[in-house]
Amino acid sequence: MSNTSNNVGGVDNTFRRKFDREEYLERARKREKEEEEGSRSKSKAKGPPVQRKPLKHRDYEVDLESRLGKTQVVTPIAPLSQQAGYYCSVCECVVKDSANYLDHINGKKHQRALGMSMRVERASLDQVRERFEALKKRKDLGSFTEQDLDDRILKQQQEEEERKRIRREKKKEKKEKAVEEPEIDPDVAAMMGFGGFGSSKK
């Protein structure tokens with residue numbers, strides 16, 4: 001039995017492995033040359049960096065409320081634009097709720113797809129002055145005086161009084177109808193089995 005334990009089959013690992021240093025140095029030099037040539041060809045093929053437009057204001061209204069409160073049947077085979085949630089046609093993706101949709105359309109990926117960088121163009125002094133002038137003109141056209149405010153308050157008070165008066169009249173009509181109802185003859189009421197609708201307390 002002792003003879004069989006000495007002749008165990010397996011790996012002979014009784015010697016120390018030796019590496020050929022020259023072979024591995026040659027491999028490393030070859031790999032470095034390939035990497036240098038690859039990086040040179042990549043930089044040439046890359047070309048100049050893409051110039052993107054600076055950010056600008058949205059020229060459309062974001063529609064978040066058109067499908068509010070509506071139900072929709074969702075099938076797994078429906079196209080993306082008809083699935084539940086908000087569909088972005090630029091990025092071709094569906095976002096599940098309005099908060100995430102707003103984050104998406106204001107985010108870097110969407111703006112890049114539109115061809116804009118995330119940088120804002122610096123406004124010159126003349127542009128700022130023009131903007132102020134435009135806002136002043138718009139404010140002057142829509143401005144109102146204290147007299148306008150007083151007239152609006154007075155009109156609101158009159159409308160409120162009119163509503164109260166109409167309510168009072170309706171209540172009076174209901175009371176009059178209740179009084180006008182014909183009285184039931186006590187003999188007929190007794191014959192039918194009820195004495196009256198009044199309370200039992202006296």
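These legends describe several views of a predicted model.

**Figure 1. The whole chain and its order of helices and strands.** The protein has 7 helices and 4 strands. Along the sequence they follow the pattern α-α-β-β-β-α-α-β-α-α-α. Of the 202 residues, 8% count as buried. About 20200 Å² of the protein is exposed, and carbon and sulfur atoms supply 51% of that area. Among contacts with a separation of 6 or more, 35% join residues 24 or more positions apart.

**Figure 2. Residues 83–117, a span listed in UniProt.** An unreviewed UniProt entry lists this span as "domain: U1-type". Helix makes up 40% of the span and strand 23%. The C-alpha atoms at its two ends lie 30 Å apart.

**Figure 3. The largest nonpolar core.** This core has 7 residues: V62, C88, C91, C93, V95, Y101 and I105. Two or more of these residues come from each of β3 and α3 (98–105). In soluble globular proteins, nonpolar side chains tend to be buried together.

**Figure 4. V95 and its contacts.** V95 belongs to the largest nonpolar core. Neighbours within four places in sequence are left aside here. Beyond them, V95 is in contact with G85, Y86, N100, Y101 and H104. Of these contacts, Y101 is also listed in the core.

**Figure 5. E92 in a loop.** E92 sits between β2 (86–88) and β3 (93–95). The phi of E92 is near 55 degrees, which is a positive value in a residue other than glycine. Most residues other than glycine have a negative phi. Is E92 buried or exposed? E92 counts as exposed because its relative accessible area is 55%, and exposed means over 50%.

Conventions. Residues numbered from 1 in each chain as written. Predicted model: local features only at pLDDT ≥ 70, side-chain atom pairs only at ≥ 80, totals over all residues. Heavy atoms only, no water. UniProt positions renumbered as here; feature names shortened; annotations may be inferred. Buried < 20%, exposed > 50% of the residue type's maximum accessible area, 1.4 Å probe, protein only. Core = buried A, V, L, I, M, F, W, Y, C linked by side-chain atoms within 4.5 Å. Contact = heavy atoms within 4.5 Å. Areas by Shrake-Rupley, 256 points an atom, 1.4 Å probe, with all protein chains shown as cover.
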